[in-house]
Structures are given as structure tokens and as C-alpha cells.
Number of protein chains: 2
Amino acid sequence: MKGIRQLAEHLDISIGTVSRALNGKPDVNEETRKRVLAAAEELGYVANQSGRALRQGTTNVIGLMIESNKDIVEDSDNFFLGVTRGLQSVFARHKLDLIMLPCPSDEDPYEYLKRMVARRVVDAMIISATQRTDKRIDLLTKAKIPFVSLGRSLSSSNSSWIDLDFDGVANSAVDRLVAHGHRRIAIAAPSNDVNLGYIFLDGYRRALDRHGIAYDLSLVIRAKTSEQGGYQVGHELLQLADRPTAVILIYELMAIGLYRRLSEASITPGRDLAIIGFREEPRAKFLQPALTCFRISLRDLGAELGETLLATMPAYGHFYPNRPRTMIWPLELVPGESDSFHLKAE
Amino acid sequence: MKGIRQLAEHLDISIGTVSRALNGKPDVNEETRKRVLAAAEELGYVANQSGRALRQGTTNVIGLMIESNKDIVEDSDNFFLGVTRGLQSVFARHKLDLIMLPCPSDEDPYEYLKRMVARRVVDAMIISATQRTDKRIDLLTKAKIPFVSLGRSLSSSNSSWIDLDFDGVANSAVDRLVAHGHRRIAIAAPSNDVNLGYIFLDGYRRALDRHGIAYDLSLVIRAKTSEQGGYQVGHELLQLADRPTAVILIYELMAIGLYRRLSEASITPGRDLAIIGFREEPRAKFLQPALTCFRISLRDLGAELGETLLATMPAYGHFYPNRPRTMIWPLELVPGESDSFHLKAE
DNA sequence: CTGAAAGCGCTTACAG
DNA sequence: CTGAAAGCGCTTACAG
């Protein structure tokens, strides 16, 4: 089956009527509609996307931009595939398709996004890994492409975003450790300019402040957000003259590397050093002792992202009225044994 | 910047010339071309994808279909993101873009593919997770959409594919274990109908045969290809009356679950039970003792997949002449300590 | 309820 | 080397 013309000829009616029947327009005889739908099904006709998009001025496709740089490929788990399921559950209601746009590792993410946007392959975008200031946000705003970012940014003054509650995580981690008697609490922070690092550190700093603990720059360890980074964190912890008794990690896979480095030094997590990891992650489940970390439903997050995005789109906004433009996504503490020891009171 | 018309007006030349200049056609004055390119850059003009595709009858987009069912989301690592990098490196040569098409978990993969194909969003497809017989292959063949599958299938009699060397892996695993004195060698096989399971089991069976070891159905343990599946495998191994001394795993993450189950039973991998895992995987690196497994370069595999696909496309085939239609992708053994003990001779 | 026609934004023979 | 025009496959006012 080629096009709508062939289908119309086969049915011996005009293409206009075929189109209206297929698109569920009301002004079509029910009998005709049935014949059209049956023939389309039988001949496997589906409207050509380009013809449709060109005429309608809308593609009915939402893009999820993925940055597949080396770090992400090797280290991130299928965070995006999880989120994808939630997004699709929302988009399906409106017959919108989700496609993933992987930015090649040797192309500048900004240029890639610019190209994709200008080509009009999608009606709206979801971006993530927002930087402290992020040119992509200005680009999308200026191009008037609806978008939502996973992660806020200094650039996102008027745009929609959902961000994980890094502040809350930092605070409850510090509170928990302090309650166990810890005062020297290190923190692993990302070495790049991703915005979440700033928020995380800020939360940590203010939490210490609440407990009257001085902020000590030597306890802030910059590392790659990866397993290797975690190993590195372990290494640097061991170098510290006055070794901290606890450490909070920013990224889920750091725990794996950290455990390994500690094990090499015969230091037992949860006994010699308290550890609180970040996101609960299937592949960190094996860790002994079990890692105290934070749980998140990727699917729910994806669904929320989807609705937040649709709320900003003229054609779908009325389905999602009064929706907040931004949202802090809570994480739930999952107690393990990696931070279960109490320091004896001095 | 809206369309080519605006750009042409701004330059005060015809849209035909603008198009030719932008598309690198030879019959354009160099001076004109420069002006056009400069203006396009300045105004951020990029051709509308729908208009282009409609006119050319080609989208210059290749689709990679992803099945994001629950198992894959939770357990697979970023296998696809790795392969994606290789694919993109090849496609970039021809200015082809790669998009990932995630099949919603509640939609039938066959119907999803059919829809995407009929809508003509891509010029060619890459599919994976081929089943023993796979209707998608017939669909794509009939629709005359160029495609390559990662994984062969009984259905792929004339189509292009690259498959991992499951036969080779099964053979070298058995050889290695037999050389260490093992005779009772269990194997974990997938519980679904994915084609690789058949090939893997077949290789295992013939390898046993070569060594004069009888094939024992009770040593074939069906499990989900996941961490949980590995745990399950461990569980069933422990139930066996005459416990095997070695086990070969079909899927990378099984090792994690298996180690855990064994640890619960105080059985030490590499001392009480020899284990050979499947693909080397960052997140299994921490396992103690180190897992003997097989290495693969996802990027190289992706590049090869890309070239194999392009070779089947009329417009690009001449760039890749004499390219085999199918290919078995070798894996390299990475010795660990999980299978290092030798059984004493009886 | 249906058909005929316009036009979305491009590329590409075709004239000149 | 450039311009004018056709047409890719659709959807949608507009007539009837």
C-alpha cells in the first residue's frame, strides 16, 4: 500500500473522505468510516508522517534528548529507559509518540539540539543533565519549542522543570549521620558543571550549619559521577589526615567503586566508615553491607515529566490545568547497614 | 527563521538556488553559495524535515527499535547506548541521523514496528532481540524497508544480521571447564523464545558431545535473563541431588544474583563451584572472586551493524561493496578467578 | 455527508 | 548559473 490516493481509489471515494474517516472526524457516514478503516487495516495503510506533519504543522512526536557521552554509556544505568516508560504512558493518551534523540558523543549537545529543533522533527523536547547555566534552555525558549528539563538551571527562570530533591537528600543524609554521632562528614560532589552539584553541596552546607558543624572544604571531594569516581573518592578519603567518619555520595554508582577501594584498605563500610549513597539502584543491591540510599520511581517521574511538558503545550495544556511549572521530586530514604554504626559519645 | 522562502527573500534570490546552495549541488556560483550558507547560519535556518522528506521520498533517518519491557529496563545495562555510538560514527559519514524508537511496554512490538514503518519516519531499521521465528523480519522484508537485525532468527533467511558468537562462547566455556576437570557442567538458558537461547544450548550440547559427556537435561536451568534469574539459577543448582561442579551463564547480570544466592548458602564461587559468566560488564566488575567472562566492544559492534545496514541500502550500498550479509561477532575470553579451581582427578 | 482544490516546505527536472 | 514551476502525501476549509 502506498498512499492515501491508492486507498481512496481502491474504495472508490475521494481522498478527503478517507482522511476524515481515518482521523475520526465527525462528519463522516458511519458506514463509510467502517469501510475505510477496514480497508486501511487490510492493506496496512498508515498515513505518511511527512505529508501529515507538513500539512498539520505538527509532528505529534516528542523528543527525549540523550547525551551518550562515554561516562553515561558506561556508568549510568538505564535511567532513561525507566523514565521513558512513564513518559509514554502519558503521551499515549494523546497519540503522541516518543523518540529518543541520542546526541553523538563527538557533536556539541547545543548544536545537535539546534539542528533537531530547526528541522522540526518533534513538537516538543525533554532535556536533561542541565548545566549551571544551560544555553539549550535559551535556545528552546527563543525557538518557542515547548520543553521540560529534568533538572533546573540558572537559565530556567521561566521554563518548566522537574528536579530531584537533592537538597532534601543532602539534608536528611546529614541529619541521619549527625543523629548517629558523626561530626566529620565528607561529601562527594561532581567534578563537572552540572547544576545538581551546586544544589547538593548547598543543602549539605546548610544542614551542617543547622547542626553547628563548620563547613570544611577539605571534606568536599570532587569526582566523576561514575564507579571510577567512587573509587577515587575512597582513595582521597584515605589520604585525609583527620579522616572523616562518614561520607555522602552524589551518584548511585559511586558506592560500588568506594566499597572496592575501602575493601582494598581493609576498611569495612558501616563499621569503620558510614556511607549514604544516592539513588537506589538495582546493580548496587549486592553491596555488603547493604547501602543506605534513596528510592525513586523512574516511571512515576517520567509520567510527571510528561504531564508537566504537555501542560506547556498549547494543544494539550487544557488537559492539565493548574499544573505547577516546576517541581521538586522527593526521594524516599531506604535504610541499609552502611551507616548503621553509632559513634560513641565523646 | 521560518522557511526557505523567508531565507530566499532575505537574500533576494529564488528558493531553488537557496536549496541547491544548501545541498551542495555543483551548479551554484561559489559567491552565491557563500552568501546563502552565511545567511542560513546567521538566521539559524535548517530545512524542515517533513518538507524535505516528502519531496525526496527519504528521511535520512535510521531507526533503532528498543523494546523497553520491564526486564530490559531494570536489568540490561546501557547496551544500546554503547552500540549507538558505533552506529552514529558510521551514519555520520553519510549525514544520516539515528533515532531510537522505544516500543511502549504495553504495545505489541510487531504492531509498533508496523506503525513506524508505515508512517515512513525512517529509511531503515535496526532491530534486536530476535525471536526464534520473528514476524518483524517478514514485515520489514515485505515492506522493502532495509534493515539489519542484531541476532539471527529462523525467519532471517535472506536478511542481514550480526549475531554474537553464542556458539563460540558455549564451546570455549565448556572446553575450559573440562580442561579443569569438570564433567558435571550446568547451563543457564533463557526462559523465553529468544533465538540466542537455542544457539547457546546447541553449542553447549555439541561441546559436551565432543568431550564424550552425556547431555543431562536436569543441568539445563531455565531462568529469566536478569539478576533475579541468576539468583533463581543459584537456587535451583542447590536443589539438585547430584550437584554440578560448574555452571555457564547466558546473560551478564545473572552472575550478580548467582553470587548472592551462593553467598547465602556459604558456597564460594571459584572454590566450591566454577562459574563462567557471559558478557563482561562494568557492573559485575566488583564481583569477588573476579568473574571469568567474555569481552565485546559495543562501539565496534555498532559500527559493523551500521555498515552492514548501509550495504543493503540502494543509496549507500556502493560504499560498502562485497560486504557479507551476515556476521558472527566474536567475543574474547577474559579469565577471572570464578572458574580457576581444578577438580582433582578421580 | 462528500468531493474538489489549496497548500504545508521542500527539491529537482526543465528552460533560459 | 539562476528562476519558475511541479509535485511529494497529506489535511482541511469550502462548496454543494
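**Exercise 1. Work out how helix 7 and helix 8 of chain B pack.**

Step 1. Take the axes. Those of helix 7 (residues 109-118) of chain B and helix 8 (residues 135-143) of chain B come within 10 Å and cross at roughly 15°. Axes are lines fitted to C-alpha atoms, for helices over the stretch in contact, and angles run from 0 to 180 degrees between N-to-C directions. Helices (H or I, at least four residues) are DSSP runs, numbered from the N terminus.

Step 2. Classify the angle. Helix 7 of chain B is therefore roughly parallel to helix 8 of chain B. The label covers angles under 35 degrees; over 145 counts as roughly antiparallel, 65 to 115 as roughly perpendicular and the rest as oblique.

Step 3. List the contact (heavy atoms within 4.5 Å). Helix 7 of chain B supplies Tyr110(B), Leu113(B), Lys114(B) and Val117(B), and helix 8 of chain B supplies Lys135(B), Arg136(B), Leu139(B), Leu140(B) and Ala143(B).

Step 4. Sort these residues by class. The contact holds 6 nonpolar, no polar and 3 charged residues. Nonpolar means Ala, Val, Leu, Ile, Met, Phe, Trp, Tyr, Cys and Pro; charged means Asp, Glu, Lys and Arg; the others, Gly among them, are polar.

*Basis for all exercises.* This is a predicted model: local features need pLDDT of at least 70, side-chain atom pairs count only at pLDDT 80 or more, and totals for chains, interfaces and linings use all residues. Residues are numbered from 1 along each chain as its sequence is written, chains are lettered from A and ligands numbered from 1 in the order in which they are written, and side-chain values use heavy atoms, with hydrogens and water left out.

**Exercise 2. Repeat the analysis for helix 1 and helix 2 of chain B.**

Step 1. The axes of helix 1 (residues 4-11) of chain B and helix 2 of chain B come within 9 Å and cross at roughly 100°.

Step 2. Helix 1 of chain B and helix 2 of chain B are therefore roughly perpendicular.

Step 3. From helix 1 of chain B come Ile4(B), Arg5(B), Leu7(B), Ala8(B) and Leu11(B); from helix 2 of chain B come Ile15(B), Val18(B), Ser19(B) and Leu22(B).

Step 4. The split is 7 nonpolar, 1 polar and 1 charged.

**Exercise 3. Describe the protein surface near DNA strand C.**

Step 1. Find the neighbours. Around DNA strand C there are 27 residues, and Thr32(A), Ile4(B), Ser19(B), Arg52(B) and Arg55(B) come nearest. A residue is near a strand if one of its heavy atoms lies within 4 Å of it.

Step 2. Check the DNA side. Of the atoms of DNA strand C within 4 Å of the protein, sugar and phosphate account for 59%.

Step 3. Pick out side-chain N or O atoms. Arg20(A) has one 2.9 Å from a base nitrogen of DNA strand C. For phosphate oxygens, the distance is 3.2 Å from Lys2(B) and 3.0 Å from Lys25(B).

Step 4. Assign the surface. Helix 4 of chain B gives the most, with 5 residues. By class there are 8 nonpolar, 11 polar and 8 charged residues.

**Exercise 4. Do the same for DNA strand D.**

Step 1. DNA strand D is surrounded by 26 residues; the closest are Ile4(A), Ser19(A), Arg52(A), Arg55(A) and Thr32(B).

Step 2. Sugar or phosphate make up 60% of the atoms of DNA strand D within 4 Å of the protein; the rest belong to bases.

Step 3. Side-chain N or O atoms of Lys2(A) and Ser19(A) lie 3.1 Å and 2.6 Å from a phosphate oxygen of DNA strand D, respectively. A polar side-chain atom of Arg20(A) is 3.2 Å from a base nitrogen of DNA strand D.

Step 4. Helix 4 of chain A gives the largest share, 5 residues. The classes are 7 nonpolar, 11 polar and 8 charged.

Conventions
Helix = DSSP H or I, 4+ residues; strand = E, 2+ residues; numbered from the N terminus. Polar contact = N/O pair within 3.5 Å; in protein donor to acceptor, adjacent residues only side chain to side chain.
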